[in-house]
Amino acid sequence: MNESSALIARLKRIATTGIPTQGDGRADDAWLTQGMAKAQLHEIFASVDDSASGAGFAVATLLAARAAPVLWLRTEASERQGGRLHATGLVEMGLDVTSLVLGLVEDEAGLLRAAADAARCHGLGTLLIESWGRAPKIDLTATRRLMLAAEASGVTILSLRIGADPVPSAAASRWQVAACRSRPLEADAPGKPAFDIELLRRRGGQAGLRWRVEWDRDAYIFDQTAFVFGDPAALPGAGISVAADRAAADDAATSVRRTG
């Protein structure tokens, strides 16, 4: 009864204000060491060319937040366009793949139905929803419902939007991700995953902030002090790919499976 009353109260506030009430009172750069604020919905945007970087950033943020286990939902079209998840790449990011469950659904409507159910699961750490293109069903109404569910259950929801333009939503924060040059390691080995991050929106906080960071998989933090701007020896790319080649995705896959 108490939970129902609290949910009704939140719905009334949304009807009045248009947005959920919870915000992130942390410092603007708290995500570097703590990941995204928990029990909220966050949007991560990346171009098609930077889809692997967007996925890598999403994985890194949930690791920084220590927000496992993870349910990763994607559509069959996403799998065809982006390729199957690359277990080795995920392990290199620092993810224990035994804590990851991959859900493959038929279409965008199925994606939102599965997400709505998963977002209410108290035992889940992170729900990662991957979509490609405009995905018009992921609108203001849908994101409000997801935010309410996140607040009620404590699940952190990451909406990974590949090749999409930002539209009005109830997300607590919105991020744009691109790959940037990483510093080579000894013997010219590829460097750590490196990202160019822009904070497009943050409820109750400053937007338009930008960072260039490396992912430290040992410490589970984003390191901005180690990044060297304009290093002529730097290597292109974000270091680690979390998607396999797209041709492999043409083979049919089971609806729900565990990676690894």
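This report walks through the aromatic pairs and the strand pairing of a predicted model.

## Aromatic pairs

Let's start with the rings: eleven aromatic pairs are found in the structure. A pair of this kind is described by how far apart the ring centres are and by the angle between the planes.

Take Trp31 and Phe57 as an example. Their ring centres are 5.7 Å apart and their planes meet at 70°, so this pair counts as edge-to-face, given that angles over 60 degrees fall in that class. Trp31 belongs to helix α2 (residues 31-34) and Phe57 to helix α3 (residues 51-64), so the pair ties together parts 26 residues apart in sequence.

## Burial and the ring cluster

Are these two residues buried or exposed? Trp31 is buried, its relative accessible area being 2%. Phe57 is buried too, with a value of 0%.

Both residues also belong to a wider group: ring pairs join Trp31 and Phe57 with Trp175, Phe195, Trp211, Trp215, Tyr220 and Phe222 in a cluster.

## Strand β6 and its partners

Now to the strands. Which strand pairs with β1 in the parallel sense? Strand β1 (residues 41-46) does so with strand β6 (residues 173-179), over four bridges. Here Glu43 stands opposite Arg174 of β6.

Strand β6 also pairs with strand β7 (residues 194-202); these two run antiparallel and are joined by seven bridges. Ser173 has Arg202 in β7 as its bridge partner. Strand β6 thus has a parallel pairing with β1 and an antiparallel one with β7.

Terms used:
Residues are numbered from 1 along each chain as its sequence is written. This is a predicted model: local features need pLDDT of at least 70, side-chain atom pairs count only at pLDDT 80 or more; totals for chains, interfaces and linings use all residues. Side-chain values use heavy atoms; hydrogens and water are left out. Rings of Phe, Tyr and Trp (its six-membered ring) pair if their centres lie within 6.5 Å; planes under 30 degrees apart count as stacked, over 60 as edge-to-face and the rest as tilted. Buried means under 20% relative accessible area, exposed over 50%, partly exposed in between (1.4 Å probe, protein chains only). Two strands pair if DSSP finds at least two bridges between them.
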